[in-house]
Protein chains: 2
Amino acid sequence: FKDSTVLCFVTKCPINTRVNKFMALPVTDLAVLNQNQDEVATQMEMMIMETQSKVCKAIEALEDGGQKFLVDKWSKDNSTGGGVTCVLQDGTVFEKAGVNVSVVHGNLTKGAEKQMRARGKQFQRLKDGTLPFIAMGVSSVIHPTNPHCPTIHFNFRYFEVTGRNGEKTWWFGGGTDLTPMYLDENDVKHFHTELKKACDVHDKEYYPNFKTWCDDYFMITIRGERRGVGGIFFDDIEGPDAQSALEFVTSCANAIIPCYVPIITKNKYKSFTEEQKQWQQLRRGRYVEFNLIYDRGTKFGFQTPGARIESILMSLPLTARWQYMHTPKLGSMENQLLDVLKSPRDWV
Amino acid sequence: FKDSTVLCFVTKCPINTRVNKFMALPVTDLAVLNQNQDEVATQMEMMIMETQSKVCKAIEALEDGGQKFLVDKWSKDNSTGGGVTCVLQDGTVFEKAGVNVSVVHGNLTKGAEKQMRARGKQFQRLKDGTLPFIAMGVSSVIHPTNPHCPTIHFNFRYFEVTGRNGEKTWWFGGGTDLTPMYLDENDVKHFHTELKKACDVHDKEYYPNFKTWCDDYFMITIRGERRGVGGIFFDDIEGPDAQSALEFVTSCANAIIPCYVPIITKNKYKSFTEEQKQWQQLRRGRYVEFNLIYDRGTKFGFQTPGARIESILMSLPLTARWQYMHTPKLGSMENQLLDVLKSPRDWV
């Protein structure tokens, strides 16, 4: 189930067979998914459910304590969608790991429409004044216990708005980024190389553009430093066509396990000191700062009426620390990390 | 130094004598303070420095481990002001205690002016287009170690804008609020009673109005619960005259020690379980959420160019915790607290 050959095979299976491997049934009714199996929305929902399941199983396989993911299937009021939230907490290898899928139907508010128009989208509201949309995505943050094991975050999302004449405006967004507490250049190179491979199959411009976008996005402005060593970040992917865009996002999703698992396998048994654990906790504090102050997805969630707050904030670490004026010594390993967070490097 | 009789005596002393008891020299030059000793801005700067010193000494007296406050005097670039930040960290009784004074001079941006006009202020920019202001305040958060000891926060601030013809628009703001992890009704009553006494001397309407304002302000909307059991919160105090307003704010500042010290003395040796400590850590997480997502002062600080970020974020706890779907049992002490955070009560 871990390599893409198997995945290719699986994606050709009928929907009813594929769902057997999921953490829970998809958000949309199986009958509806079967009926619309050629639609991009259906394929995307299957892809994000599949990604959730693959990542959860890979994490469980790394977790020596035997801890398993807790699976919460939830729905929003008035059949406006729902999600599947999987969380593994207080493990031996992982302090907290969350993988969340959500599929939400609604009508775009004027405010959201305005913001999207500012980004160049064009919509025509229906005669009744509404503008229906579907938003779906998989989102995950994995916080390991060992300070030599970096945190990973990824998110892949799809947005579809239906206008007056049934015309659909759609776009994909997403990304994957790494937050180490200690810099292991080989690990960072490996991570970026795998992402570049996934991008290059689709467009040679993607990796360099999305790498820069990622460095810009994960900026903690108040600190003058990035959250981590980046990866890729993209939004408003509207071409070349929906099927190709979906394939690109699927390649990125398939890259997560080869990006991350070898880094954890390599580092999970490394010994560490109490000071190194405290440094990890301080970096966790910065993670909280980024997510609560800057992250667009988190802020969007806070403003969405009826949003499931526990699924949004599952991204926060189990524990974090804030120490007044903590300044690593010049030349220390902690300071080496800060240098890279202040001036991002090219890794491939 | 702890009772208000002594304080009254002290406030009548010459400035040069009063500063001897401060944690550091005031931000404004002594010569300037002496020259303008009758101005409200001078009196306020002396009051906030005095409050800082009194609170730091009271906290040090409660701290059995002998830890002392670290005192950082800092200045902003281009003589635009500065501050004194005092932090006690990793104590026996206090996990982290910060008391910060800042005095900042600048020119109001169009955005800030617009926001203030929306609150009813009227200004006339100088002929050169500038609108000079002074902002000063003392701000503090004290996080004790024992989960039976509540966190206290207070802030007193003064804002003065000088218009075209030298006319001054000024206002005071501030407040004091308590964040217990476990509800001790007597402690909360004591806290609110002391605040009410301080308010009632000046205006019988103050306490009920500012108590409600406090309950409204410290709302963590995403959680549907307040940060703590409130206290008082006020802004835009513009009357009856500057001297009386300063006296009101001074009464509130003088109430902090009688509000808080008896609660810590009573609870600091209480035994607690590992579960109670974890509950405290979860509540600390909510504290972080309020401060980073909602607190106006913190957000204002983030947007101020050249702001000293370590002085702003000294309000965050040393450690915090986020646990997926933590739900206290019905009838538990943890749940009793949540009830009050969801539906604030009258305490006096």
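Here are a few short exercises, with worked solutions, on a predicted model.

**Exercise 1.** Work out what span the 16 residues of helix α6 (residues 185-200) of chain B should have, and check it against the end C-alpha atoms.

*Solution.* Start with the rule of 1.5 Å a residue, taken times one less than the number of residues. For the 16 residues of α6 in chain B, this gives an expected span of 22 Å. Now look at the ends: the end C-alpha atoms are 22 Å apart, which agrees.

**Exercise 2.** Find which residue caps the N-terminal end of α6(B), and what the buried residues of this helix pack against.

*Solution.* Begin at the N-terminal end, where B:D184 is the cap. One of its side-chain oxygens lies 3.0 Å from the backbone nitrogen of B:N186. Next, pick out buried residues in α6(B); among them are B:V188, B:F191, B:L195 and B:A198. Finally, follow the contacts: the buried residues of the helix pack against β5, β6, α7, β9 and α8 of chain B.

**Exercise 3.** Locate the cis peptide bond that joins B:G239 and B:P240.

*Solution.* First check omega, which is about 0° for this bond. Then place B:P240: the loop between β9 and α8 of chain B holds this residue.

**Exercise 4.** Decide whether B:D90 is buried, partly exposed or exposed.

*Solution.* Go to the loop between β2 (81-89) and β3 (94-107) of chain B, where B:D90 is found. Its phi is near 60°, a positive value in a residue other than glycine. Buried means under 20% relative accessible area and exposed means over 50%. B:D90 has 45%, so it is partly exposed.

Note on methods:
Residues are numbered from 1 along each chain as its sequence is written. Chains are lettered from A and ligands numbered from 1 in the order in which they are written. This is a predicted model: local features need pLDDT of at least 70, side-chain atom pairs count only at pLDDT 80 or more; totals for chains, interfaces and linings use all residues. Side-chain values use heavy atoms; hydrogens and water are left out. Helices (H or I, at least four residues) and strands (E, at least two) are DSSP runs, numbered from the N terminus. Buried means under 20% relative accessible area, exposed over 50%, partly exposed in between (1.4 Å probe, protein chains only). Contact means heavy atoms within 4.5 Å. A polar contact is a pair of N or O atoms within 3.5 Å; within protein, one must be able to donate a hydrogen and the other to accept it, and residues adjacent in sequence count only if both atoms are side-chain atoms.
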